[in-house]
Amino acid sequence: MALKVYADRMSQPSRAILIFCKINDIDFEEIRVDVLKNQQFSPEYKAINPMSQVPAIIDGRFKLFESHAILIYLSCAFPGVASHWYPGDLSNRAKIHSVLDWHHSNLRRGTVGLVFNTILAPLVGLPSNLQTAKEAEKILMKSLSKIENFWLKDGRFLVGSSQPSIADISLVCEIMQLELLSEKDCDRILSPYKKVVKWIEDTKKATAPHFDEVHDFLFKAQKRIRERKATESGKNEVKSKL
Amino acid sequence: MTLKVYADRLSQPSRAVLIFCKINGIDFEEITVEFLKHQQFTPEYKEINPMSQVPAIVDGTFKLFESHAILIYLASAYPGVPDHWYPADVFKRAKIHSVLAWHHSYLRRGATGIVYHSIMAPLHGLTFDPQVPEQARKILPKSLSILEDYWLEGTGPFLFGNSEPSIADLSLVCEIMQLEFLSEKEYREILSPYKKVLKWIEDTKNATGPYFDEVHMALFNVQNEIRERMVKQSISSHKGGSESECIK
């Protein structure tokens with residue numbers, strides 16, 4: 001029975017799992033759970049992940065959620081996954097755990113808080129909080145600074161590695177979510193961080209062509225969102241001139 | 001060279017690492033970094049952990065921070081640590097990673113959100129976000145419910161219905177202990193609906209005795225003082241003044 005991956009390509013951790021499986025030739029069935037349509041709350045999906053979040057996997061009868069746990073499991077359970085993704089050496093492995101943990105309360109918190117409150121919530125008619133967005137942007141900038149000056153200080157990839165690990169895929173997929181912001185905001189946020197920008201490119205290359213293929217969905221959404229905003233601001237401009 | 005553990009016993013993840021070392025007979029030197037006195041911001045400590053948080057360890061020349069990463073490293077690197085703390089079995093291990101990841105966004109966010117941002121930081125002149133406790137007060141009962149109904153499901157007393165504790169039990173129970181800084185009334189109101197959770201806390205204490213109580217003494221030693229100061233602060237707020245300051 002093939003591995004089943006329950007994912008939404010709009011979700012950063014979902015994309016990380018899909019890219020990891022593809023780059024490592026792990027045979028799997030992708031089952032879409034559309035978060036913007038609330039499919040994660042269906043009774044069928046709750047039976048798989050009671051937290052109603054994506055991604056989740058089922059491997060045989062084994063169910064698992066939380067993307068970091070899934071990435072580690074796949075690295076260990078599937079043969080042929082190169083060791084740089086999740087090294088056997090205890091100290092290198094520990095550093096990967098360290099940055100993955102740091103990610104939860106820092107980069108992820110910043111990115112999710114900002115993108116949700118400025119783009120996604122208004123899109124689906126959920127309440128958004130601009131104060132939370134402001135705080136989230138501060139956390140995001142601080143996190144990008146830490147990646148630039150600490151996590152990338154010793155190598156091309158995180159924690160001083162010359163090859164990517166599961167942490168690189170996870171964190172880069174998170175940063176890609178910023179592509180849903182306006183081009184101006186995305187550029188303003190990322191351009192001060194030269195190492196981060198290069199690391200994103202290096203991670204894309206190391207997981208080509210799957211990185212771009214999996215992110216195609218996000219870029220299509222980006223185009224729709226930006227066009228919609230352009231139309232709205234055009235209408236507002238007309239209104240203000242009248 | 002002995003393992004060095006940089007910790008503050010008022011910090012939940014610090015306590016988890018200390019208890020783990022003691023229960024497993026891991027030889028270490030405890031170095032206190034008092035976060036309420038801002039000692040995490042010294043240049044010396046920033047060399048060890050540039051994120052200025054506790055705990056952190058130095059094992060020979062190897063430095064590590066983030067308590068889950070530390071617990072996993074110690075369970076794997078030190079001989080004689082029984083398998084139940086961090087099982088070799090890939091499925092059991094995956095479940096531990098799953099609950100530890102869940103913890104960050106749920107239980108920790110709830111408990112720390114309330115205790116740090118509405119009590120510890122304001123009382124001690126540390127930066128805090130006054131918006132955080134409101135959200136945290138929603139996340140905490142949700143997290144306790146999920147613990148009660150999902151993570152503690154099964155025949156045994158520990159997470160996943162296990163018969164013996166893992167690093168996840170230690171980490172999460174130390175987090176819940178931080179709620180002891182709330183008023184007695186609020187602590188009871190929040191926790192009393194969750195019978196399994198309350199029993200699990202006791203079972204985890206017993207499984208790590210006497211170290212659990214010994215390490216938590218630091219918390220109980222300041223509990224009354226913190227509670228009294230919070231009462232005084234809320235009285236003075238009612239009178240129109242406030243002792244605390246939100247520093248951004």
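# Domains and chains: worked exercises

Two salt bridges are found across the interface between domain 1 of chain B and domain 2 of chain B, where a salt bridge is a side-chain nitrogen of Lys or Arg within 4 Å of a carboxyl oxygen of Asp or Glu. The model is predicted, so that local features need pLDDT of at least 70 and side-chain atom pairs count only at pLDDT 80 or more, while totals for chains, interfaces and linings use all residues. Residues are numbered from 1 along each chain as its sequence is written, chains are lettered from A and ligands numbered from 1 in the order in which they are written, and side-chain values use heavy atoms, with hydrogens and water left out.

## Exercise 1: the two domains of chain B

Task: Describe how domain 1 of chain B and domain 2 of chain B meet, beginning with their bounds.

Step 1. The domain assignment, which is automatic or taken from a database, gives chain B a domain 1 at 3–81 and a domain 2 at 85–224.

Step 2. The C-alpha centres of domain 1 of chain B and domain 2 of chain B are 19 Å apart. In contact (heavy atoms within 4.5 Å) are 24 residues of domain 1 of chain B and 32 residues of domain 2 of chain B.

Step 3. The size of an interface is often given as the accessible area lost when the parts come together. For buried area, the accessible area (1.4 Å probe) that two parts lose on being put together is summed over both, and domain 1 of chain B and domain 2 of chain B bury about 2400 Å² between them, 72% of it on carbon and sulfur atoms. Gln12(B), Ile19(B) and His68(B) supply 26% of the area that domain 1 of chain B buries against domain 2 of chain B, more than any other three residues.

Step 4. A salt bridge joins the side chains of Glu214(B) and Lys22(B), at 3.2 Å from N to O. Polar contacts are pairs of N or O atoms within 3.5 Å; within protein, one atom must be able to donate a hydrogen and the other to accept it, and residues adjacent in sequence count only if both atoms are side-chain atoms. Between domain 1 of chain B and domain 2 of chain B there are 14 residue pairs in polar contact (both at pLDDT 80 or more).

Step 5. Helices (H or I, at least four residues) and strands (E, at least two) are DSSP runs numbered from the N terminus. On the side of domain 1 of chain B that touches domain 2 of chain B, the elements giving two or more residues are α1 (12–23) and α3 (67–77) of chain B, and the largest share, nine residues, comes from α1(B).

## Exercise 2: the two domains of chain A

Task: Describe how domain 1 of chain A and domain 2 of chain A meet, beginning with their bounds.

Step 1. Chain A is divided into domain 1 (3–81) and domain 2 (87–230), and their C-alpha centres lie 19 Å apart. The contact takes 19 residues from domain 1 of chain A and 28 residues from domain 2 of chain A.

Step 2. Domain 1 of chain A and domain 2 of chain A bury about 2100 Å² between them, with 71% of it on carbon and sulfur atoms.

Step 3. There are two salt bridges between domain 1 of chain A and domain 2 of chain A, and the side chains of Arg9(A) and Glu213(A) meet in a salt bridge of 2.8 Å, N to O. Across the interface of domain 1 of chain A and domain 2 of chain A there are 10 residue pairs in polar contact (both at pLDDT 80 or more).

Step 4. The elements that give two or more residues to the side of domain 1 of chain A that touches domain 2 of chain A are α1 and α3 of chain A, and α1(A) gives the most, with nine residues.

## Exercise 3: chain B against chain A

Task: Describe the contact of chain B with chain A, from its residues to its elements.

Step 1. 32 residues of chain B are in contact with 32 residues of chain A. The area buried between chain B and chain A is about 2700 Å², of which carbon and sulfur atoms give 68%. In chain B, Met51(B), His104(B) and Gln131(B) lose the most area to chain A, together 17% of what that side buries.

Step 2. Between chain B and chain A the count of salt bridges is zero, while six residue pairs are in polar contact (both at pLDDT 80 or more).

Step 3. At least two residues each of the side of chain B that touches chain A are supplied by β4 (62–65), α3, α4 (90–105) and α6 (132–151) of chain B, and α4(B) gives the most, with 11 residues.
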